[in-house]
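I opened the model to look up its pocket, its core and its aromatic pairs. My entries follow.

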Amino acid sequence: MVIEYVGSILFWSAVFNLAVLLAWFGAFACGRDFLYRTHARWFKISPEQFDAIHYAGMAFYKLLILFFNVAPLLAIWLAA
């Protein structure tokens with residue numbers, strides 16, 4: 001009973017986090033120039049640095065989703 005509950009929490013957490021990642025990618029892909037202009041007012045950053053920061057951030061976020069949501073969920077499903 002408890003293991004199914006934890007599996008359900010991990011599943012919906014992974015779904016929510018992947019939706020956040022897709023929203024981030026969509027905002028970056030569709031509104032990159034607007035985002036860059038907004039951030040360039042606050043920080044001295046080149047377009048290449050801006051792209052690298054977002055790319056690295058998305059990659060790091062995706063790894064966190066895989067390590068903390070998807071991998072434990074797969075372990076629970078395989079153990080059940």
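For residue classes I count Ala, Val, Leu, Ile, Met, Phe, Trp, Tyr, Cys and Pro as nonpolar, Asp, Glu, Lys and Arg as charged, and the others, Gly among them, as polar. The model is predicted, so I take local features only at pLDDT of at least 70 and side-chain atom pairs only at pLDDT 80 or more, while totals for chains, interfaces and linings use all residues. Residues are numbered from 1 along each chain as its sequence is written, and side-chain values use heavy atoms, without hydrogens or water.

**Pocket.** I looked up the largest pocket (on a 1 Å grid over the protein atoms alone, an open set of points where a 1.4 Å probe fits, with protein on both sides within 12 Å along at least five of seven lines; lining residues have an atom within 4 Å of a point). The space in it is about 150 Å³, taken as the space filled by probe spheres set on the points. I listed the lining as Leu21, Phe25, Phe28, Asp51, Tyr55, Met58, Ala59 and Lys62. By class that is 6 nonpolar, no polar and 2 charged residues. H2 gives the most, with 5 residues. Helices here are DSSP runs (H or I, at least four residues), numbered from the N terminus.

**Core.** Next I checked the largest nonpolar core (buried Ala, Val, Leu, Ile, Met, Phe, Trp, Tyr and Cys joined through side-chain atoms within 4.5 Å). I found 6 residues in it: Leu21, Phe28, Tyr36, Phe50, Met58 and Ile65. Helix H1 (2-42) and helix H2 (47-79) each supply at least two of them. I then took Leu21 and its contacts (heavy atoms within 4.5 Å). Beyond four places in sequence, Leu21 touches Met58, Tyr61, Lys62 and Ile65.

**Aromatics.** I searched the whole structure and got 6 aromatic pairs. Rings pair if their centres lie within 6.5 Å; planes under 30 degrees apart are stacked, over 60 edge-to-face, the rest tilted. Phe28 and Phe50 are tilted, because their centres are 5.9 Å apart and their planes at 35°. The pair joins H1 to H2, 22 residues apart. Phe28 is buried (under 20% relative accessible area, 1.4 Å probe, protein chains only; over 50% is exposed, in between partly exposed), at 14%. Phe50 is buried too, at 3%. Trp42 and Phe43 pair edge-to-face, 6.5 Å centre to centre and 85° between planes. Trp42 is exposed, at 59%.

**Leu66.** Is Leu66 buried or exposed? Leu66 is partly exposed, because its relative accessible area is 41%.

How values were computed
Helix = DSSP H or I, 4+ residues; strand = E, 2+ residues; numbered from the N terminus.
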